Amino acid sequence: MNQSSSNDIIMIGGGVIGLSIAYELACRGKQVRILERGEQVGREASWAGAGILPPAIPDSALDPSEKLRGISHQLHPQWAERLQHETGIDTGFHRCGGIYLARKPGEAASLAGYVSLLNQQGIQASEITKYELLDLEPTLDPDQFHAAYLLPDELTLRNPRHVKALAKACELHGVQIYTECEILDIECINGSITGLQTTSGAVRGGKYCIAAGAWSSTLLKQVIDIPTGIVPIRGQMILVEGPKNLIRHILNEGSRYLVPRADGKILAGSCEEEVGFQKGTTPQMLEQLANFAYSLVPALKEYEITMSWSGLRPGSFDGVPYIGKVPNVDNLFMASGHFRSGIHLSTGTAVIMADLLEGKESEINFEHFRISR
Ligand SMILES: Cc1cc2nc3c(=O)[nH]c(=O)nc-3n(C[C@H](O)[C@H](O)[C@H](O)COP(=O)(O)OP(=O)(O)OC[C@H]3O[C@@H](n4cnc5c(N)ncnc54)[C@H](O)[C@@H]3O)c2cc1C
């Protein structure tokens with residue numbers, strides 16, 4: 001590895017966040033290196049996710065988190081097109097729309113409240129009748145549901161393909177990606193990072209950005225004693241090998257969902273488990289997910305569950321990611337803690353972090369995402 005350069009930016013972690021920031025910076029002509037512990041980039045939470053991109057509009061956002069969501073949402077179609085054009089990889093970006101379902105009156109009331117908030121921001125979301133639901137999704141039994149809403153601007157992408165495309169695009173733009181390179185220690189002298197100790201030797205750069213997902217707090221604590229609360233929250237998932245078009249929309253009920261892929265595969269997720277850094281699935285949760293899938297779409301019982309997996313989301317205590325400069329350290333930045341929305345928020349995070357790293361004004365208020373909260 002070319003281990004020393006005073007003006008490049010070193011990205012610690014090659015998940016969707018690190019890759020997206022590196023890609024954006026490289027497109028702006030910056031020299032970037034990604035150091036990734038795994039054998040490949042993008043194989044942790046960014047691979048495990050479902051790829052749901054719920055609708056959002058930046059101009060009418062109620063707070064900076066929603067604004068970041070809105071910026072990201074607007075960027076995804078452009079990024080999907082650019083990535084396909086530059087790499088030839090189809091990321092599976094698809095405007096499938098989402099349907100939100102409630103079985104009980106209480107759930108229907110909270111869903112109505114959520115939809116009213118969306119409508120206030122100008123986001124299209126409307127209640128649909130049982131007939132309309134049946135028309136949109138013929139395999140559902142509409143009598144099961146107390147209420148159903150259609151969100152036409154809910155999008156999806158295939159995140160394993162998206163990260164693969166990002167990695168290829170990064171390389172095409174000159175980003176150097178080093179895998180099997182774990183950061184063991186961050187050296188900080190007089191409020192400045194002087195280098196990294198890694199399993200591939202010492203590495204020095206100009207600026208450093210921690211984008212190590214659920215592992216970010218552990219790295220940050222080596223440098224500064226602030227109570228950044230990123231914790232791993234495990235999510236499990238199953239994949240059913242369905243026929244094409246068995247369902248056409250993302251079906252959401254509470255915190256669970258079914259996500260259709262164009263080839264007929266259907267993902268069913270997920271859950272939030274605090275089990276430390278322990279990955280892996282449990283028979284109980286896989287059964288719950290299968291039962292959830294069958295209860296929404298009974299026809300799925302006919303098809304095989306071919307895969308199951310888990311991933312560790314980088315959860316923050318208030319659900320807001322940590323994005324910005326690390327206080328009292330000249331050249332250390334962080335973008336992490338995106339919890340259930342890292343794939344969605346990756347495009348916007350990339351743009352605002354690139355602005356910050358370049359010393360440009362940003363359209364977002366970083367105070368909201370500050371590392372020291
Ligand atoms: C089941 C599940 C479903 C999800 N569904 C969605 C969804 O539908 N929509 C959505 O937007 N989000 C979803 N998410 C959340 C999303 O996947 C995450 O928020 C996002 O992937 C976080 O990206 P990241 O780059 O911060 O972390 P990661 O993808 O975990 O990447 C961090 C990288 O840092 C590397 N690393 C860690 N420590 C070191 C070190 N010391 N040295 C070098 N490298 C290191 C890791 O190996 C890893 O590759 C889901 C997550 C899960 C688990």
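Student: How do you know how much area is buried between domain 1 and domain 2?

Tutor: In this predicted model, the area buried between domain 1 and domain 2 is about 2300 Å², and carbon and sulfur atoms give 63% of it. Because buried area is what two parts lose on being put together, summed over both, that value counts the loss on domain 1 together with the loss on domain 2. On the side of domain 1, I52, F339 and R340 supply 28% of the area buried against domain 2, more than any other three residues.

Student: What makes residues of domain 1 and domain 2 count as being in contact?

Tutor: Contact means heavy atoms within 4.5 Å, and by that criterion 27 residues of domain 1 are in contact with 28 residues of domain 2. The centres of the two domains, taken over C-alpha atoms, are separated by 28 Å.

Student: Why is the approach of the ligand to the backbone of I17 called a polar contact?

Tutor: An oxygen atom of the ligand is 3.2 Å from a polar backbone atom of I17, and a polar contact is a pair of N or O atoms within 3.5 Å, so the pair qualifies. Nitrogen atoms of the ligand likewise lie 3.1 Å from a polar backbone atom of R37 and 3.0 Å from one of I183. The protein covers 98% of the 1000 Å² of accessible area that the ligand has on its own.

Student: Which domains supply the shell around the ligand?

Tutor: Domain 1 and domain 2 each give at least three residues to that shell, and of the 38 residues around the ligand, E36, S46, I52, F339 and H344 come nearest.

Note on methods
Residues are numbered from 1 along each chain as its sequence is written. This is a predicted model: local features need pLDDT of at least 70, side-chain atom pairs count only at pLDDT 80 or more; totals for chains, interfaces and linings use all residues. Side-chain values use heavy atoms; hydrogens and water are left out. A residue is near a molecule or strand if one of its heavy atoms lies within 4 Å of it. A polar contact is a pair of N or O atoms within 3.5 Å; within protein, one must be able to donate a hydrogen and the other to accept it, and residues adjacent in sequence count only if both atoms are side-chain atoms. Accessible areas come from the Shrake-Rupley method with a 1.4 Å probe; for residues, only the protein chains shown count as cover. Domain bounds come from an automatic or database domain assignment. Buried area is the accessible area (1.4 Å probe) that two parts lose on being put together, summed over both.
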